[in-house]
2 protein chains.
Amino acid sequence: MRFLLSLFVSFLVTTTASMSFADPLPSWNAGDTKSAIISFVESVTDPASDSYVTPADRIAVFDNDGTLWAEQPIYFQIAFAVDQAKKMDPADLTSDALKAAAAGDVEGMLATGKSGLLEILAASHTGMSVTDFKASVEAWLKEARHPDTGRPYDQMIYQPMLELLRYLRDEGFATYIVSGGGIDFIRVLSPDAYGIPPKQVVGSSLVSEYIVAEGAPMLMKSPELFFNDDKAGKPVAINHHIGQRPIFAGGNSDGDFEMLEWTTSGDGPAFALYVHHTDADREYAYDREGHIGVLNRGLDEGPERGWVFADMAKDWAVIFPAQAQ
Amino acid sequence: MRFLLSLFVSFLVTTTASMSFADPLPSWNAGDTKSAIISFVESVTDPASDSYVTPADRIAVFDNDGTLWAEQPIYFQIAFAVDQAKKMDPADLTSDALKAAAAGDVEGMLATGKSGLLEILAASHTGMSVTDFKASVEAWLKEARHPDTGRPYDQMIYQPMLELLRYLRDEGFATYIVSGGGIDFIRVLSPDAYGIPPKQVVGSSLVSEYIVAEGAPMLMKSPELFFNDDKAGKPVAINHHIGQRPIFAGGNSDGDFEMLEWTTSGDGPAFALYVHHTDADREYAYDREGHIGVLNRGLDEGPERGWVFADMAKDWAVIFPAQAQ
């Protein structure tokens, strides 16, 4: 009987462990924001609650830049493009934009406007296969360091948001990224950085073409824009990739407004979260002004819509994960 | 101790049931095709095998029309469009194509060519929200009957393929539809008919626009084509929606050739299945000729590429599920 007893004890231990009441969001300070998140998740996962949502309908969507990882002083995908330009043969630097990028002259680069930025992106993102592009992003993530913190870019992710993603998944949610950034770019880091598989990454994309070269099929990236996954494009992309309205959405800028609006316009319960960059000491403080992560309409209309704001300085005990040594 | 014993017995019973050696494909006749499928699945799921594939990489993709359900005498989505045209106000039948459709004159409809067909599709698919479109498909599925069998269209699905989908899922695969048909159309039936959730449906699509009308956000379907998920478009869509190369692909026509080619061009093990329509008695017999489901290149090149053919007459003991009474 000893075997049966030990089987039973191990059954009890396992069950108790999975029912433990450990804090699911240890890097969030106690307060209204944390309470609101936990209350929402508990209400939609409690079968006895009027707000109960079946697991198949527990879809959570998150912006990436400024929501799951930092986006200052420039979007990290632009930093990648600049670093690729630095490696180019000088003879191929045929424009002011490419020359500025190769010289690491961000001001000069921005001065060339949108067409200049697109040219820099095209040089690092197109004329190669998806496989080769992903390999170049992977190599870059290993060597590149953030200019202000010296961290690898994939450690510029927000610890409290990692906990939120895991908490939602533990409670039966499917977690998606819905980003204005490039879908092929984000997919390189999303599994390890966020625990989000490639199939749950939605983003902007270029046209890609299927070609067979000497018997080897490949997907070639062309410079033509296929889809801009920003603003009103986000609900469109959510329908295209997921086909269901989410019940949880997180963003940080007006580019996420429509995603939060769409998420909170269904018949059932829904939660919208804005990450508010208020912490100049530990991260960056910005909202209504600048060229990155501008948040105006969200600040004006969010509160009356019942959207919740995570004040980084106040609500987050920790910003980044402990740096790997 | 009686309680512990009964716990142990129920544990044994449960374990034995889940390890049972029941035939996973009862509607497939014994033979090379069935053996090849089972051998492949066993090899990629056996951790001791050189061909082992981790669950995260077990992606299976299937065409829909002619692969998971029938496609004769016309694509079912065209049948839907014709039935919608029949309900239109006669004053709105402003073209030969719409008049032919409303009269149920398929020959006359086809005579108006591609532009005529697109016009008929536009009338039933656009100028409404995605939500309203899905409701119209749902209503149609309840009332419409297949002209040759009298079955509801969502019972024109192939029992052996349902078993294959379930078998793959039981073995840790994620099963996707990758269809030339409309993504919003297929999503209405895929959860109940195939056990495939909306997020795992990839298809052709029209541009949709996010608008807010009197405070209510909606996604409006426009007539402009967004993506044609056929032929070389299928690997592109697979990358766009899934972001990983599948290891199992099933199709029935040359429109699926590139999907099977892409799937079988990776470094690891992969399986390509062509459903071959050979059964004029129980279903339809067609391949190299006609305007639907043409299979030429697949028949010519598939065998030398090691692709497996399901001969419907020979390999399938049953075609359709037992009809619900």
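**Exercise 1. Decide whether Lys87(B) counts as buried, partly exposed or exposed, and find the side chain with which Lys87(B) forms a salt bridge.**

Step 1. In this predicted model, Lys87(B) has a relative accessibility of 53%, and because the class of exposed residues begins over 50%, Lys87(B) counts as exposed.

Step 2. The side chain of Lys87(B) meets that of Glu143(B) in a salt bridge, with 3.3 Å from N to O. The two residues belong to distant parts of the chain, 56 residues apart, since Glu143(B) sits in helix H7 (residues 130-143) of chain B, whereas Lys87(B) sits in the loop between helix H3 (76-86) and helix H4 (96-102).

Step 3. Glu143(B), with a relative accessible area of 49%, is partly exposed.

**Exercise 2. Work out which parts of chain A are tied together by the salt bridge between Asp300(A) and Arg288(A).**

Step 1. The side chains of Asp300(A) and Arg288(A) form a salt bridge of 2.9 Å, taken from N to O.

Step 2. Asp300(A) lies in helix H12 (residues 297-301) and Arg288(A) in the loop between strand E6 (271-276) and H12, so the pair joins parts of chain A that are twelve residues apart in sequence.

Step 3. Asp300(A) is partly exposed at 47% relative accessibility, and Arg288(A), with a relative accessible area of 36%, is partly exposed as well.

**Exercise 3. Describe the salt bridge between Arg297(B) and Glu301(B), and then name the residues of the salt-bridge network that includes Arg297(A) and Glu301(A).**

Step 1. Arg297(B) and Glu301(B) meet through their side chains at 3.0 Å, N to O. Both residues lie in helix H12 (residues 297-301) of chain B, where they are four residues apart, about one turn of the helix.

Step 2. Arg297(B) is partly exposed at 35% relative accessible area, and Glu301(B) is partly exposed at 21%.

Step 3. In chain A, a network of salt bridges links Glu261(A), Arg297(A), Glu301(A) and Arg305(A).

Step 4. Over all chains, a search of the whole structure finds 24 salt bridges.

**Exercise 4. Characterise the contact between chain B and chain A by its residues, its buried area and its polar pairs.**

Step 1. Chain B and chain A each bring 38 residues to the contact, and the area buried between them is about 3,400 Å², of which 66% comes from carbon and sulfur atoms. On the side of chain B, Lys199(B), Tyr210(B) and His240(B) lose the most area to chain A, together 20% of what that side buries.

Step 2. Zero salt bridges are found across the interface of chain B and chain A, while twelve residue pairs are found in polar contact there.

Step 3. The elements that give two or more residues to the chain B side include helix H1 (2-18), strand E3 (201-213) and helix H10 (233-241). Sorted by class, that side has 23 nonpolar, eight polar and seven charged residues.

**Exercise 5. Establish how chain B and chain A are related, and whether they meet through the same or different surfaces.**

Step 1. Chain B is superposed on chain A by a rotation of 180 degrees with 0.0 Å of shift along the axis, at an RMSD of 0.0 Å. The two copies are therefore related as by a two-fold rotation axis.

Step 2. Within chain B, the C-alpha nearest the axis belongs to His241(B), at 3.1 Å from it.

Step 3. Because 100% of the interface residues of chain B are also interface residues in chain A, the copies meet through the same surface.

Conventions. Residues are numbered from 1 along each chain as its sequence is written. Chains are lettered from A and ligands numbered from 1 in the order in which they are written. This is a predicted model: local features need pLDDT of at least 70, side-chain atom pairs count only at pLDDT 80 or more; totals for chains, interfaces and linings use all residues. Side-chain values use heavy atoms; hydrogens and water are left out. A salt bridge is a side-chain nitrogen of Lys or Arg within 4 Å of a carboxyl oxygen of Asp or Glu. Buried means under 20% relative accessible area, exposed over 50%, partly exposed in between (1.4 Å probe, protein chains only). Contact means heavy atoms within 4.5 Å. Buried area is the accessible area (1.4 Å probe) that two parts lose on being put together, summed over both. A polar contact is a pair of N or O atoms within 3.5 Å; within protein, one must be able to donate a hydrogen and the other to accept it, and residues adjacent in sequence count only if both atoms are side-chain atoms. Ala, Val, Leu, Ile, Met, Phe, Trp, Tyr, Cys and Pro count as nonpolar, Asp, Glu, Lys and Arg as charged, and the others, Gly among them, as polar. Copies are superposed by least squares on the C-alpha atoms of residues with pLDDT of at least 70 in both.
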